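Me: I'm new to reading protein models. Could you walk me through this one, feature by feature?

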Amino acid sequence: MDCGADPAGLKIGSMSSERAIQIERDILGKNNRIAADNRARFLTDDLLVFNLVSSPGAGKTSLLVRAVSELKGSRPVGVIEGDQQTSNDADRIRAIGVPAIQINTGKGCHLDAAMVREAYHRLPPLKGGILFIENVGNLVCPAAFDLGEASKIVVFSTTDGEDKPLKYPDMFAASSLMLINKIDLAPVIDFDLAQTIEYARRVNPNIEVLTVSARTGEGFAALYAWIRKQAAYRRRPVQDTLR
Ligand SMILES: Nc1nc2c(ncn2[C@@H]2O[C@H](COP(=O)(O)OP(=O)(O)OP(=O)(O)O)[C@@H](O)[C@H]2O)c(=O)[nH]1
Ligand SMILES: [Mg+2]
Ligand SMILES: [Zn+2]
């Protein structure tokens, strides 16, 4: 985690490194406990939850606008939006008739589990549906903060540069799916898909990869198939646990 200031707003620059590490441990420990509560609640509510992470502008909201407008006919969907400022992203989701709660983190550079717990209470019931959480655009500390999601999806833009998985390995290691967006731009910028996948699998051999364009809709059928697979996979352990 590298936030400059910790999530409680404490400047850690002048502290001893031992004290700073202890504070970071306490914060992550508290976050993990709340995330576990969130996860239990999402299981009870039969809700599939995805945490979308990326660099700023990789296309998280554009992807969500297209995905939720196409998914909302078949199941309940809701969105929690995280940004430092503005309600732009939640407004874009609400404009297509899907409930969305905006969290403004102010100086904070990631969502934490307590913010998600509070926002979830403000959403209508989504039982049996899907909750998408759009994290703050940042490839660093959102990797360290579990929100209670079933999986993290890292949205990688073809314009990000092929070496990002090597530069920000924690995020790619923590994610189940790398969604390579803006594939429509690939020919223009001479994007090297094979190299990007090779770098991502170097830090996470199990990461799944899909290519999409939120602009044209290319690749979305495969994304929905991936989501259906997660739903099917998740129901099994849930039923086993309840038995
Ligand atoms: N060509 C192209 N442009 C895209 C695509 N997806 C998103 N964009 C553009 O990329 C820009 C950023 O998109 P957003 O959806 O706002 O990205 P974001 O990740 O939500 O951004 P933050 O929330 O600010 O981190 C916008 O100008 C989009 O129109 C795509 O697949 N192809
Ligand atoms: Mg956004
Ligand atoms: Zn942060």
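Reply: Sure, let's begin with the vocabulary: helices (H or I, at least four residues) and strands (E, at least two) are DSSP runs, numbered from the N terminus. This is a predicted model, where local features need pLDDT of at least 70 and side-chain atom pairs count only at pLDDT 80 or more, while totals for chains, interfaces and linings use all residues. Residues are numbered from 1 along each chain as its sequence is written, chains are lettered from A and ligands numbered from 1 in the order in which they are written, and side-chain values use heavy atoms, with hydrogens and water left out.

Me: What is a salt bridge, and how many does the structure hold?

Reply: A salt bridge is a side-chain nitrogen of Lys or Arg within 4 Å of a carboxyl oxygen of Asp or Glu. There are twelve of them here. Take Glu198 and Arg202: their closest N and O atoms are 3.0 Å apart. Both residues sit in helix α8 (residues 193–203), four residues apart, which is about one turn of the helix.

Me: Are Glu198 and Arg202 buried or exposed?

Reply: Buried means under 20% relative accessible area, exposed means over 50%, and partly exposed is in between (1.4 Å probe, protein chains only). Glu198 counts as partly exposed because its relative accessibility is 35%, whereas Arg202 is exposed, with 52%. Elsewhere, salt bridges that share partners join Asp163, Lys164 and Lys167 into one network.

Me: Which parts does the salt bridge between Arg39 and Asp146 tie together?

Reply: In that pair, the closest N and O atoms are 2.8 Å apart. Arg39 is in helix α1 (residues 17–44) and Asp146 is in the loop between β4 and β5 (151–157), so the bridge ties together parts that are 107 residues apart in sequence. Arg39 is partly exposed at 30% relative accessibility, while Asp146 is buried at 18%.

Me: Which residues are the protein donors of the magnesium ion?

Reply: Donors are N, O and S atoms within 2.8 Å of the metal (3.2 Å for Na, K and Ca); water is not among the atoms, so sites may look incomplete. For the magnesium ion (ligand 2), the protein donors are Thr61 (OG1), Asp89 (OD) and Glu134 (OE), lying 2.1 Å from it. Along the chain they follow the spacing T-x27-D-x44-E. Asp89 in helix α3 (residues 88–94) and Glu134 in strand β4 (residues 130–134) are 45 residues apart, so this pair links distant parts of the chain. Asp89 is buried at 11% relative accessibility, and Glu134 is buried too, at 2%.

Me: Which residues come nearest to ligand 1?

Reply: A residue is near a molecule or strand if one of its heavy atoms lies within 4 Å of it. Of the 20 residues around ligand 1, the nearest are Lys60, Thr61, Ser62, Asp184 and Ala214. The largest share of that shell, three residues, comes from α2.

Me: And where can I see a nonpolar patch on the surface?

Reply: Patches are made of residues with over 30% relative accessible area and no salt bridge; like charges are joined within 9 Å, and nonpolar side chains (Val, Leu, Ile, Met, Phe, Trp, Tyr) within 5 Å. Accessible areas come from the Shrake-Rupley method with a 1.4 Å probe, and for residues only the protein chains shown count as cover. Look at Leu185, Val188 and Ile189, which together have about 260 Å² of accessible area. Val188 belongs to helix α7 (residues 186–189) and counts as exposed, at 68% relative accessibility.
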